[in-house]
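Trainee: Please take me through one part of this model at close range. Which edge of the fold would you pick, and what surrounds it?

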Amino acid sequence: MTSNLRLTFMLLVSASAAAGQMSWTLARSTLTYHVVHPLHHVEGVSHEARGRGLCHGGTCDFLVAVPVQSFRSGDTDRDLHMLQATRGAQFPMITVRTSVPEASLHPGDLRADVLISFAGEQKEYAQIAFRINAAGNGDLDLHATIPAKLSDFKITPPELLMMPIHNEIPVEVDLNWRRDQQH
């Protein structure tokens, strides 16, 4: 994780502790991208996302970061090519930011704007539908699908046998958020 993201996480934790505000930690994650090529379908999965959330004044701000190189498709050559195509060496982290009303953090449906930074570009996706489920001990499980496209991040579609993959690369997001203990 880059030092800027570590600093952001540390500031979120410090501010939360100092103000006695509610904070959240990403306990578990599964992020899955889907790629369609005329000859086959591919999924890449990462379980290495980290995240924090801080609630203040009725609003909760969340930040999630995942290393680009942490996605695995089952084919190391394909994964290396994905790193090249997405400029992963130059931009090694994908970050996701959102703000939601604190009152919306309960089981049910939620719509939120999501800002994603990936491959040196930023894209805001409006009103993404999240499904929130109770996971015990005050934890919340969130599920959503981000309708990402390669063109959103100025990525040229990779080709296999001179046929490019489809522009659409939806990303399924499954996150377990743990409410931090208040002191």
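Mentor: Start with a term. A strand here is a DSSP run of at least two residues, and strands are numbered from the N terminus. Strand S9 covers residues 159-160. Leu160 is found in S9. Keep in mind that the model is predicted.

Now the surface around Leu160. Its relative accessible area is 38%. Leu160 therefore counts as partly exposed, since that class runs between the 20% and 50% cut-offs. Leu160 also belongs to a nonpolar surface patch, together with Leu39 and Leu161. The patch has about 300 Å² of accessible area in total. For the whole protein chain, the exposed area is about 10000 Å². Carbon and sulfur atoms supply 56% of that area.

Follow the chain onward to Met162. This residue sits in the loop between S9 and strand S10 (163-164). Its phi is near 65°, a positive value in a residue other than glycine. Met162 counts as exposed because its relative accessibility of 76% is over the 50% cut-off.

Positive phi turns up elsewhere too. Gln127 is not a glycine, and its phi is about 50°. Gln127 lies within strand S7. At 42% relative accessible area, Gln127 is partly exposed. Arg87 takes a positive phi of about 60° just after helix H2. The other end of H2 (residues 76-85) has a cap. There, a side-chain oxygen of Asp75 lies 2.9 Å from the backbone nitrogen of Asp77.

Next, move to strand S1, which spans residues 23-37. His34 has its place there. His34 is buried because its relative accessible area of 18% falls under 20%. The side chain of His34 makes a polar contact of 3.3 Å with that of Glu43. Beyond its neighbours within four places in sequence, His34 touches Val42 and Glu43. From further along the chain, it also contacts Glu168, Ile169, Pro170 and Glu172.

Leu26 lies in S1 as well. Leu26 is buried, with a relative accessible area of 7%. Its C-alpha atom is 6.1 Å from that of Arg52, a residue 26 positions away along the chain. Its contacts, leaving aside neighbours within four places, include Ala49, Arg50 and Gly51. Val64, Leu175, Asn176 and Trp177 are also in contact with Leu26.

That brings us to the interior. The largest nonpolar core has 43 residues. Those touching the most other members are Trp24, Leu105, Ile116, Phe118, Phe130, Phe153 and Trp177. Two or more core residues come from each of S1, S4 (59-67), S5 (93-101), S6 (108-118), S7 (121-134), S8 (140-146) and S11 (171-179). Take Leu105 from that core. Not counting residues up to four places away, Leu105 touches Trp24, Cys55, Cys60, Phe62, Val100 and Leu140.

Finally, set this part within the whole chain. The secondary structure comes to 2 helices and 11 strands. Their order along the sequence is α-β-β-β-β-α-β-β-β-β-β-β-β. Of the 183 residues, 42% are buried. Among contacts with a separation of 6 or more, 60% join residues 24 or more positions apart.

Conventions:
Residues are numbered from 1 along each chain as its sequence is written. This is a predicted model: local features need pLDDT of at least 70, side-chain atom pairs count only at pLDDT 80 or more; totals for chains, interfaces and linings use all residues. Side-chain values use heavy atoms; hydrogens and water are left out. A polar contact is a pair of N or O atoms within 3.5 Å; within protein, one must be able to donate a hydrogen and the other to accept it, and residues adjacent in sequence count only if both atoms are side-chain atoms. Helices (H or I, at least four residues) and strands (E, at least two) are DSSP runs, numbered from the N terminus. Buried means under 20% relative accessible area, exposed over 50%, partly exposed in between (1.4 Å probe, protein chains only). Contact means heavy atoms within 4.5 Å. Patches are made of residues with over 30% relative accessible area and no salt bridge: like charges are joined within 9 Å, nonpolar side chains (Val, Leu, Ile, Met, Phe, Trp, Tyr) within 5 Å. Accessible areas come from the Shrake-Rupley method with a 1.4 Å probe; for residues, only the protein chains shown count as cover. A salt bridge is a side-chain nitrogen of Lys or Arg within 4 Å of a carboxyl oxygen of Asp or Glu. A nonpolar core is a set of buried Ala, Val, Leu, Ile, Met, Phe, Trp, Tyr and Cys residues joined through side-chain atoms within 4.5 Å.
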